[in-house]
Amino acid sequence: MTGTKKTGNNSGRGQRDLRVKVKTARGRKLSSTLWLQRQLNDPYVKRAKAEGMRGRAAFKISEIDDKYRFLVPGARVVDLGCAPGGWLQVAVKRVNALGEKSGKSIGTVLGVDLQEVEPVAGSIAYVLDFMEDDADEKVKEWLDGKADVVMSDMAAASSGHKQTDHLRIIALCEAAAYFAFDVLEEGGTFVAKVLAGGAEGDLQKLLKQKFTKVQNFKPGASRSDSSEKFVVATGFRG
């Protein structure tokens, strides 16, 4: 009697698991091990490394700009909390800050952060607390005028309490918005990260008073299990 040869393997036996697994090391918490494992298996992290970008966040601003088109050649951009520099890298290319696109206007990219940032060609990063009283005047002086775009991927230090973290990042975003009101040119754009959680209504109300259009967007580069989204306010009323 001859048997029937099976083709295929529906059970999945014999197939290698290509995910990187990280063993828990002495002194490392389980949460840290899981975070490291997620980083090593994140396709955006791998892509950032392959393309020389400073982190997966670079793909977030790329997707946001693909949809709303505010990083145009010649634009003057301020990146709040710019470390490690991924958003600067994207902005430099898109506003033609290096003058690589012949015949296109040359833009300006300025970053500010509480810490020093490794230089990104085509941009200038300053150590500055944007909430200082004269921060807006310093930025306008450095830009030699007002900005066309103010953008922020800042997040407050995590407390481990979801609602507290939500309130902290909304407060940070509101502070960034008031800064933007002081430095934006009429018609300008404000982009900032927020966490969904119910307290962002007042922020939306505030932005709608100052901009002609306010929308929310979650780029594909944001992790699916994250509550982060980005508010995109266009058409600053001045």
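The following exchange concerns a predicted model of one chain and the reasons behind the terms used for its parts.

Me: What makes up the chain, and in which order do its elements run?
Reply: The chain has 7 helices and 7 strands. From the N terminus on, the order is α-α-α-β-α-β-β-α-β-α-β-α-β-β. Buried residues make up 43% of the 238 residues. Of the contacts with a separation of 6 or more, 62% join residues 24 or more positions apart.

Me: Why is Arg 69 called exposed?
Reply: The relative accessibility of Arg 69 is 58%, and exposed means over 50%. Arg 69 therefore counts as exposed. This residue lies in the loop between α3 and β1, and Arg 69 has a positive phi of about 55° although it is not a glycine.

Me: Why does Asp 144 count as exposed?
Reply: Asp 144 has a relative accessible area of 72%, and the term applies over 50%, so Asp 144 is exposed. Its place is the loop between α5 (135–143) and β4. Phi of Asp 144 is also positive, near 60°, in a residue other than glycine.

Me: Why is Gly 74 called partly exposed?
Reply: Gly 74 has 26% relative accessibility. Buried would require a value under 20%, and exposed a value over 50%; Gly 74 is therefore partly exposed. Gly 74 is found in the loop between α3 and β1.

Me: What does Gly 74 touch, leaving out residues up to four places away in sequence?
Reply: Gly 74 touches Val 95, Ser 105, Ile 106, Gly 107 and Asp 148. Here contact means heavy atoms within 4.5 Å. From C-alpha to C-alpha, Gly 74 and Asn 96 are 6.6 Å apart in space, with their positions 22 residues apart in sequence. Asn 96 stands just after α4 and takes a positive phi of about 65°.

Me: What makes helix α4 mostly covered?
Reply: In α4 (residues 86–94), 7 of the 9 residues are buried. They are Gly 86, Trp 87, Leu 88, Gln 89, Val 90, Ala 91 and Val 92. What covers them includes the helix α3 (57–68), together with the strands β1 (76–80), β2 (108–113), β3 (123–127), β4 (147–152) and β7 (228–236).

Me: Which peptide bond is cis, and where is its proline found?
Reply: The bond from Ala 83 to Pro 84 is cis, with omega near 5°. Pro 84 is found in the loop between β1 and α4.

Me: How many disulfides does a search of the whole structure find?
Reply: The search finds 0 disulfides. A disulfide would need a pair of cysteine sulfur atoms within 2.5 Å.

Me: Why do Cys 82 and Cys 173 count as buried?
Reply: Cys 82 has 3% relative accessibility, and Cys 173 likewise has 3%. Buried means under 20%, so Cys 82 is buried and so is Cys 173.

Me: What lines the largest cavity?
Reply: The lining consists of Ser 152, Met 154, Ile 169, Leu 172, Cys 173, Ala 176, Ala 192 and Lys 193. Two elements, α6 (162–183) and β5 (184–195), give two or more residues to this lining. Helix α6 gives the most, with 4 residues. By kind, the lining residues divide into 6 nonpolar, 1 polar and 1 charged. The largest cavity holds about 40 Å³ of space, and the count of cavities of 30 Å³ or more comes to 1.

Me: Which residues have the most contacts inside the largest nonpolar core?
Reply: They are Val 78, Leu 80, Val 150, Phe 179, Phe 190, Leu 207 and Phe 211, in a core of 34 residues. Helix α6 gives the most to this core, with 10 residues. A second, separate core of 26 residues includes Leu 88, Val 92, Phe 217 and Phe 230. In soluble globular proteins, nonpolar side chains tend to be buried together.

Me: What does Val 150 touch, not counting residues up to four places away in sequence?
Reply: Val 150 touches Val 78, Leu 80, Phe 179, Ala 180, Val 183, Leu 184, Thr 189, Phe 190 and Val 191.

Terms used:
Residues numbered from 1 in each chain as written. Predicted model: local features only at pLDDT ≥ 70, side-chain atom pairs only at ≥ 80, totals over all residues. Heavy atoms only, no water. Buried < 20%, exposed > 50% of the residue type's maximum accessible area, 1.4 Å probe, protein only. 1 Å grid on protein atoms, 1.4 Å probe; cavity = no way out; pocket = protein on both sides within 12 Å on 5 of 7 lines; lining within 4 Å. Points joined across faces, edges and corners; volume = space filled by probe spheres on them. Nonpolar A, V, L, I, M, F, W, Y, C, P; charged D, E, K, R; others polar. Core = buried A, V, L, I, M, F, W, Y, C linked by side-chain atoms within 4.5 Å.
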